[in-house]
Amino acid sequence: VHCTNFDAVFYLSQQICKYWVDSHIAGRVVNVSSAASKATLTEHIAYTTSKYALDALTKTMALELGEYGIRVNSVHPTVT
C-alpha cells in the first residue's frame, strides 16, 4: 500500500519537480489523498498511514517548491 500511495508519488514528483525547477516551469501538483488521513480508521493501518505520509509530503513539497512557482495541493475524497 505504501509503495502505491506514497513511494510512487514521492519518486515521480521528485523527478518532475526537478525538471520544472531546472526549466523554470511554474507547475502544479495535485496529490490524491483520502479523508482517511484526517481520521484514524480501525483495521486500515497501512492505508491510513500511507495517506498521512502523503499529506506530510504534500505540505513539505508546497513549502519547499513555492519559491519556484510550483504549487502543491491535495484532495481528500471519501466513500460516497
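Two rings of Phe, Tyr or Trp count as a pair if their centres lie within 6.5 Å, and in this predicted model such ring pairs link Phe 6, Phe 10 and Tyr 11 into a cluster. Before we look at that cluster in detail, it helps to walk through the protein as a whole.

The secondary structure comes to 2 helices and 2 strands, and if you follow the chain from the N terminus on, the elements run α-β-α-β. Along its principal axes the C-alpha trace spans about 45 × 20 × 20 Å. The protein has 80 residues, of which 28% count as buried, while its accessible surface comes to about 5500 Å², with 61% of that area belonging to carbon and sulfur atoms. Among the contacts with a separation of 6 or more, 63% are accounted for by residues that stand 24 or more positions apart.

We can now return to the rings. A pair of aromatic rings is described by the distance of the centres and the angle of the planes. The structure holds 2 aromatic pairs. In one of them Phe 6 and Phe 10 are stacked, with 6.0 Å from centre to centre and 15° between the planes; the angle counts as stacked because it is under 30 degrees. These two residues are 4 residues apart in helix H1, which covers residues 2–23, so that about one helical turn separates Phe 6 from Phe 10. Phe 10 also pairs with Tyr 11, and here the arrangement is edge-to-face, with 5.1 Å centre to centre and 80° between the planes. As for their surroundings, Phe 10 is partly exposed, with a relative accessible area of 28%, whereas Tyr 11 is exposed, at 51%.

Farther along helix H1 we meet another tyrosine, Tyr 19, which counts as partly exposed at 48% relative accessibility. Together with Ile 16 and Ile 25, Tyr 19 forms a nonpolar patch on the surface, and the accessible area of these residues together is about 250 Å².

From rings and nonpolar side chains we turn to charged ones. A search of the whole structure finds 2 salt bridges. One of them joins Asp 22 and Lys 18, whose closest N and O atoms are 2.8 Å apart. Both residues lie in helix H1, and they are 4 residues apart, about one turn of the helix. The other salt bridge is formed by Lys 38 and Asp 55, with the closest N and O atoms 3.8 Å apart. Lys 38 lies in the loop between strand S1 (28–32) and helix H2 (45–65), and Asp 55 lies in helix H2, so this pair ties together parts that are 17 residues apart in sequence. The partners also sit in contrasting surroundings, since Lys 38 is exposed, with a relative accessible area of 54%, while Asp 55 is buried, with a relative accessible area of 7%.

What of the cysteines? A disulfide requires a pair of cysteine sulfur atoms within 2.5 Å, and by this rule the count comes to 0 disulfides. Cys 3 is exposed, with a relative accessible area of 56%, whereas Cys 17 counts as buried at 5% relative accessibility.

Let us finish with two residues that are covered by their neighbours in the model. Asn 31 has its place in strand S1, and with a relative accessible area of 5% this residue is buried. If residues up to four places away in sequence are not counted, Asn 31 touches Val 9, Leu 54, Thr 58, Val 72, Asn 73, Ser 74 and Val 75. Ser 50 is found in helix H2, where at 0% relative accessibility it counts as buried. Again leaving out residues up to four places away in sequence, Ser 50 touches Val 1, His 2, Asn 5 and Phe 6, and the last of these, Phe 6, is a member of the ring cluster with which we began. Ser 50 and Thr 40, for their part, are 10 residues apart in sequence and 12 Å apart in space, C-alpha to C-alpha.

Technical notes. Residues numbered from 1 in each chain as written. Predicted model: local features only at pLDDT ≥ 70, side-chain atom pairs only at ≥ 80, totals over all residues. Heavy atoms only, no water. Phe/Tyr/Trp six-rings, centres within 6.5 Å; stacked < 30°, edge-to-face > 60°. Buried < 20%, exposed > 50% of the residue type's maximum accessible area, 1.4 Å probe, protein only. Salt bridge = Lys/Arg side-chain N within 4 Å of Asp/Glu carboxyl O. Contact = heavy atoms within 4.5 Å. Areas by Shrake-Rupley, 256 points an atom, 1.4 Å probe, with all protein chains shown as cover. Patch = residues over 30% accessible without salt bridge, like charges linked within 9 Å, V, L, I, M, F, W, Y side chains within 5 Å.
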